[in-house]
Amino acid sequence: YGTDAIGGVINFITRKDYDKGELTLKYGDTEKNIGGKETGASIAFGMGGLKSDGYNLLLTANVKKQTHIASIAQKWYLRGLEAIPGSDPPTSGRSFPGRLVDFGITPGAYANAGADFSACDPDFNTIQTLTDTTPNGTPVKRCRFIYPSTQENLPDTTKADAFGRLTLDLGGDSVAFFEASYARSKGIGRTAAVPIDSTAGHVKADGTYPSFALPISSKYFPTALLTSLGYTPAQFDTLGGGLTEIAMRSVPVGLRTNNTLNEQTRLVAGLSGVRAGWDYDAGLTVSQAKGSLDYYNYLHEGRFIAELATGVINPFGPQDAAGLAALDRARMEGAMRRSKSTTYALDAKVSRELTTMPGGPVMLALGVDLRKEKADDRPVNADYEQGLHIGGEGSVPVTSAIRSAPASRPGPATSWTAS
């Protein structure tokens, strides 16, 4: 059954005489109890003897659930440090707590930053000390984000399928069969929070990147810290208009989460057997596949820039109620993409031995395959279609296609052999 096979039932599908029942329960867990727990069940039931009762009915079903494993529980991303002593873990300059881009500093990298500025957490950050100094000679320091620490090594998944087949004895060597199957797979994948700086934005018409600008009038602008490092108020307004550039991670929003759901339904009716010396096999198949993609904890670029400009979002530490509300307004979440494909297929083939020659039998095989396929894959969120989430992959086109493929084919078994 090739790519149309449904996991767990392939060993039963080709049988026409299964008349038993079987139940299997599965459970597994990691030794350190860090996630990745697996539970599942399989059931198979068959009844009826094809020759004795004139029919055989086979039913199977499977379900499997596996929980996620957070990468920080295994810390495989630190293996390079063991192999190369003195090396650093993989990091990004788009960190949380965030950074003042034009000053090159993370407020939380300094002990005297203040209560509104979170320190660099060693589980998620490294502190980078540069050779550059501030105006009073203090080394420039900033947090770098160990982004793999917030990702997952294994996503949450739930899979289920059901299969049924009824085979009827038509007498002689001929049977009719009817099949129905359904498979469903749901995944929840999480990756690091949205990286935010100008290079994560979309290039504007004039070829420049947008600014993620914080007002220097915001209570979260580290005036006291910068003053202690020797900067003057005249140096604060780096972008003009009372604004300065920031870079950060949307850690307060949460990990970017992709929910995917894939479903497949398949119906088959067919005949097979031997008639008048011809082996024949014919089947009509209707199958349909559906897919969906939902986003959670993503940020809309334009809305986030607008909310950041109000000064209520803290790029460097904990959020108050106003900051959390602003981040919620900037979210880009929900249904993003839907796909559907449908296939109709009629496949028939006949073969027989014509004669025997000294080198072996002369066989003739003929077949026909009529197929119509329709596929539709489209964004269902206008902002997603334009790729307007921060770090988005660009515009997302609608893809639709219809293909009809009639084909008559001489079977590959058609051969002449002589010695």
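Is Arg190 buried, partly exposed or exposed, and at what relative accessibility? In this predicted model, Arg190 counts as partly exposed, at 24% relative accessibility. Its salt-bridge partner is Glu152, and the two side chains meet at 2.7 Å, N to O. Glu152 belongs to strand 8 (residues 152-154) and Arg190 to strand 10 (residues 175-191), so the bridge ties together parts that lie 38 residues apart in sequence. Glu152, for its part, counts as buried at 16% relative accessibility, a value that falls under the 20% limit for that class. The pair does not stand alone: salt bridges with shared partners join Glu152, Asp156 and Arg190 into one network.

A search of the whole structure returns 18 salt bridges, and two further examples help to fill in the picture. One of them brings together the side chains of Glu38 and Lys64, with an N to O distance of 4.0 Å. Here the link runs between strand 2 (residues 38-47), which holds Glu38, and strand 3 (residues 55-66), which holds Lys64; the two residues are 26 apart along the chain. Both partners are partly exposed, Glu38 at 25% relative accessibility and Lys64 with a relative accessible area of 35%.

The other example joins two helices. The side chains of Arg329 and Glu307 form a salt bridge at 2.9 Å, N to O, and the pair connects helix 6, where Arg329 sits, with helix 5, where Glu307 sits, across 22 residues of sequence. Arg329 is partly exposed at 47% relative accessibility, whereas Glu307 is buried, with a relative accessible area of 14%.

Helix 6 itself deserves a closer look. Its buried residues are Gly323, Ala326, Leu327 and Ala330. Viewed down the helix axis, these buried residues fall within an arc of 100°, so they line one face of the helix. A general feature of helices is helpful here: an α-helix has 3.6 residues a turn, so residues three or four places apart point the same way. The buried residues of helix 6 pack against strand 15 (278-299), helix 5 and strand 16 (331-357). At the start of helix 6, a side-chain oxygen of Asp320 comes to within 3.1 Å of the backbone nitrogen of Ala322.

Pro318 is found in the loop between helix 5 (301-308) and helix 6 (321-330). This proline is partly exposed, with a relative accessible area of 46%. What does Pro318 touch, leaving aside residues up to four places away in sequence? The contacts are with Ala115, Asp116 and Ser118. For Pro318 and Ala115, the separation is 203 residues in sequence and 9.0 Å in space, C-alpha to C-alpha.

The structure also contains one disulfide. Cys120 and Cys143 form this bond, with their sulfur atoms 1.5 Å apart. Cys120 lies in the loop between strand 5 (99-100) and strand 6 (125-133), and Cys143 in strand 7 (residues 139-145), so that distant parts of the chain, 23 residues apart, are linked. Which hand does the disulfide have? The torsion about the S-S bond is about -60°, so the disulfide is left-handed. Each cysteine is buried: Cys120 has a relative accessible area of 13%, and Cys143 has one of 1%.

Technical notes. Residues are numbered from 1 along each chain as its sequence is written. This is a predicted model: local features need pLDDT of at least 70, side-chain atom pairs count only at pLDDT 80 or more; totals for chains, interfaces and linings use all residues. Side-chain values use heavy atoms; hydrogens and water are left out. A disulfide is a pair of cysteine sulfur atoms within 2.5 Å. Helices (H or I, at least four residues) and strands (E, at least two) are DSSP runs, numbered from the N terminus. Buried means under 20% relative accessible area, exposed over 50%, partly exposed in between (1.4 Å probe, protein chains only). Contact means heavy atoms within 4.5 Å. The arc is that of the directions from the helix axis to the C-beta atoms. A polar contact is a pair of N or O atoms within 3.5 Å; within protein, one must be able to donate a hydrogen and the other to accept it, and residues adjacent in sequence count only if both atoms are side-chain atoms.
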